[in-house]
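Trainee: I would like to go through this structure with you, starting from the whole chain and ending with single charged pairs. Could we look at it together?

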Amino acid sequence: METELTEEDIVGASLCGRQPCSLKNDELRFWLKCRGDSLKGLKTKAQLVKRVEEYIKSGRDKNVIDPDDDKIYTKLEEDRKHIMSNVDTIKEKANLFRAEIRNLDKTSEDVEMIIAVAKQEVSEAAEHVITKTRQQQKQLLESLEMTRRKRIERINSAKKELESLVKQMNQAAEFAENLVQRSSGFDIIQTKTTFTHKFEEFRGVEVPKHDQNTFVKFTVASQQDLKLGFIQFTEVPANAAKSTLEGLDQSFQAGVQAEFTLCPKTSGGEISYQADLKDHVELLIEPANDVTNVIVQEKEDGNIRLKFTPKVPGVYSAEMKINGEKLVPSPFTFPVKERELVVVGELDLKFNQGQALQEPTGIAVNRQGDIAVVDNLGHCVFVFNKEGNCLRQIGKEGTGPGQFKYPTAVSFFNDNEILVADTLNHRIQLINIQTGTVVNVFGQEGEGKGHLKIPVSLCFDETERIVVTEFENQRVQVMSKEGETIFTIGDSGPERLSKPHSCIPYKNIFLLPKGTASYIIQPYIKTSTLLSCDFKKILLL
C-alpha cells in the first residue's frame, strides 16, 4: 500500500496561513510540485500565484505527493511509521515486564508470609521443649532464614533485571518519539538502523519465568522424641540429563583461569533451585596433577560457576556429576593451548626531573605491581609503581656496591628486593628497592663454581634458586638463594653451549640450544627446570 503524505510531512508543502502572493517564486513552484503540477507554462509570479489559488479553490491542495524524484519524503514517512510501530511494540513489552514485576512483588510477599508462618510454628513448638531443643530450634531457623534470603535474593535480582529492561525500553521509546517529533528527516534516516537493531533486540527479550509456588512447610513432630519437627522443601532437584554446561567452546590456555557455567534443570526442563546445589556438584578433570584452583560457586541466577586453571598444554578429560549422576555429555575432552601473550596497552613511564631511560634491557614485576627496569647504557635500575610513576633510581656507573657496569637483567627476589645481573662487573647484586641499599653480592670474575663471566640473564625460580646465564663462560649456573653454586650446565661435554643469552624455568627438563650455528633446541633431563636460548635465536624461539 502506497504511503499517503500530508502537508505536515513535507517542509514547504504548506502555506502556513500565508497568502500565495507573499511567497517567493521558488516557494510557489515547490508548493505546486507537491501537488503534482508540471509547472508547464508558468513563468511569472502572477501565473504561479494564480495556479496555487486554483488548487486551493478546487480543493486539490489537500492532495499532496512526494516532489522528490527519489521519493525521499515517502521513505521518510515510512521510516516514521516504522519507528512508531516499534515504539508501540516496546511499550507493550514494557507493560508485560511491569506486570511481571508486580508478580514478583506478590511472590516476594508470599515468601515473606510463608516463612513468617513457618517461623511462628517453629517458635510455638519450641516453647514445649525449650530446655532440651534450643540447638535444634536454632538450626531450623537458620535453615529457614537461609532459604528466605536466597529466594528473596533471586526475586530481587530478577526484579532488578526487569526494572533495568523497562527503564531501557522507556528511554529508547522516549528518545525515538522525540526524534520523530523534533528532529529533521535526515537525522531519522541516519539513526534508522540503530533504532531498528535496538527495537529488534528488545522484541527478542522474553519475559522470564519464576517459581511462585509455596516451597516450604513446617511440620510439627511428635514431642516424644523431643524434636521440634522438620522443614520440607518442595523444590525439584536438578536432573543431570536435562542440565547443560556452557563454556566448552572457549579457547583454553595453559596458566589462564578457565570457567564453565552449569545450568541446572529439573526433569521437566525448568530451572532448578535445589538447596545447596553446589555441594552436590562434582567436577573431575584429568590429568588431575595438571589442574589447579578448582572452585565451585553458586551464582545469583541459580547457575553454578566452575573455575579451574590448567597448568600445561595438552588434551584434558572432564567429568561432571550432579547429585551423583553424570551430566550429558560426560566425560568430554577439551584442548589446552600454550598461553598466548596479547598486548593490551602501553605504560607511559613518568620520570623525575633529570632522569631518562637510555637502553632498557631487562624488566621484572612483583606481586604488588612494582616494576624494575634495567638501563644498560645508564648503568642503573629504575623502579616504577603500577601507574608508571618513577619511585627510585638505583645505582650509577662504577665498581662499588650499588654501582653497575652495563647491567642487563633483573628479577624480583621478593616483593622488596631485586637481583641485578651486573654484567661487566661479573657479579649479581641483591638490592632493596625501598631503600636502594645492597643486601648481598654474589660472584666475582672467573671460571670456577661461584665465579661469573659476563652474566647476561638471571631468574629466581619457584624452588628459590637463582638461575644465571653466563655469556663468556658459555654455561648456565644454578645457585641457592644464598649464592652457593648447586650445579652448572653447558660448559662441557655434549651439552656444551655457545654464548647463551637467556634462560627461564620450564616444566621438568632443560631446554638448551645446541651450538650457535644450529636452530635445534635439545632437551636435557635434570632435576632442575630451565629454558636457555642463544642470543641469535631468541626471536625464533
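Mentor: Gladly, and please keep in mind throughout that this is a predicted model. Contacts in the protein chain between residues at least 6 apart in sequence are a good place to begin.

Trainee: Of those contacts, what percentage join residues at least 24 apart?

Mentor: The chain has 541 residues, of which 42% count as buried, and its secondary structure comes to five helices and 27 strands. For contacts between residues at least 6 apart in sequence, the share that joins residues at least 24 apart is 52%.

Trainee: Which residue has its C-alpha atom 8.2 Å from that of Pro237, although the two are 30 residues apart along the chain?

Mentor: Pro237 is placed in the loop between β2 (229–233) and β3 (244–246), and with a relative accessible area of 44% it is partly exposed. Leaving aside neighbours within four places in sequence, Pro237 is in contact with residues including Lys265, Thr266 and Asn323. The residue whose C-alpha atom is separated from that of Pro237 by 8.2 Å is Ser267.

Trainee: Is Asp301 buried, partly exposed or exposed?

Mentor: Asp301 sits in the loop between β7 (291–298) and β8 (304–310), and together with Glu153, Glu161 and Glu300 it forms a negative surface patch. Buried would require under 20% relative accessible area and exposed over 50%; because the relative accessibility of Asp301 is 39%, this residue counts as partly exposed.

Trainee: Which helices are tied together by the salt bridge between Lys119 and Glu145?

Mentor: The closest N and O atoms of Lys119 and Glu145 are 2.9 Å apart. Lys119 lies in residues 72–128 and Glu145 in residues 134–182, so the pair ties together parts that are 26 residues apart in sequence, namely helices α3 and α4.

Trainee: Which residues are linked with Glu145 in a network of salt bridges?

Mentor: Glu145 also forms a salt bridge with Arg148, the closest N and O atoms being 2.7 Å apart, and these two residues both lie in helix α4, three residues apart, about one turn of the helix. The residues linked with Glu145 in the network are Glu112, Lys119 and Arg148.

Trainee: Where along the chain are Lys481 and Glu464, and how many residues apart are they?

Mentor: Lys481 forms a salt bridge with Glu464, with 3.2 Å between the closest N and O atoms. The pair links distant parts of the chain, since Lys481 is in the loop between β22 (475–480) and β23 (485–489) and Glu464 in the loop between β20 (455–460) and β21 (465–470), a separation in residues of 17.

Note on methods: Residues are numbered from 1 along each chain as its sequence is written. This is a predicted model: local features need pLDDT of at least 70, side-chain atom pairs count only at pLDDT 80 or more; totals for chains, interfaces and linings use all residues. Side-chain values use heavy atoms; hydrogens and water are left out. Helices (H or I, at least four residues) and strands (E, at least two) are DSSP runs, numbered from the N terminus. Buried means under 20% relative accessible area, exposed over 50%, partly exposed in between (1.4 Å probe, protein chains only). Contact means heavy atoms within 4.5 Å. Patches are made of residues with over 30% relative accessible area and no salt bridge: like charges are joined within 9 Å, nonpolar side chains (Val, Leu, Ile, Met, Phe, Trp, Tyr) within 5 Å. Accessible areas come from the Shrake-Rupley method with a 1.4 Å probe; for residues, only the protein chains shown count as cover. A salt bridge is a side-chain nitrogen of Lys or Arg within 4 Å of a carboxyl oxygen of Asp or Glu. Lys and Arg count as positive and Asp and Glu as negative; His and the chain ends are not counted. The place of a charge is taken as NZ of Lys, CZ of Arg, CG of Asp or CD of Glu.
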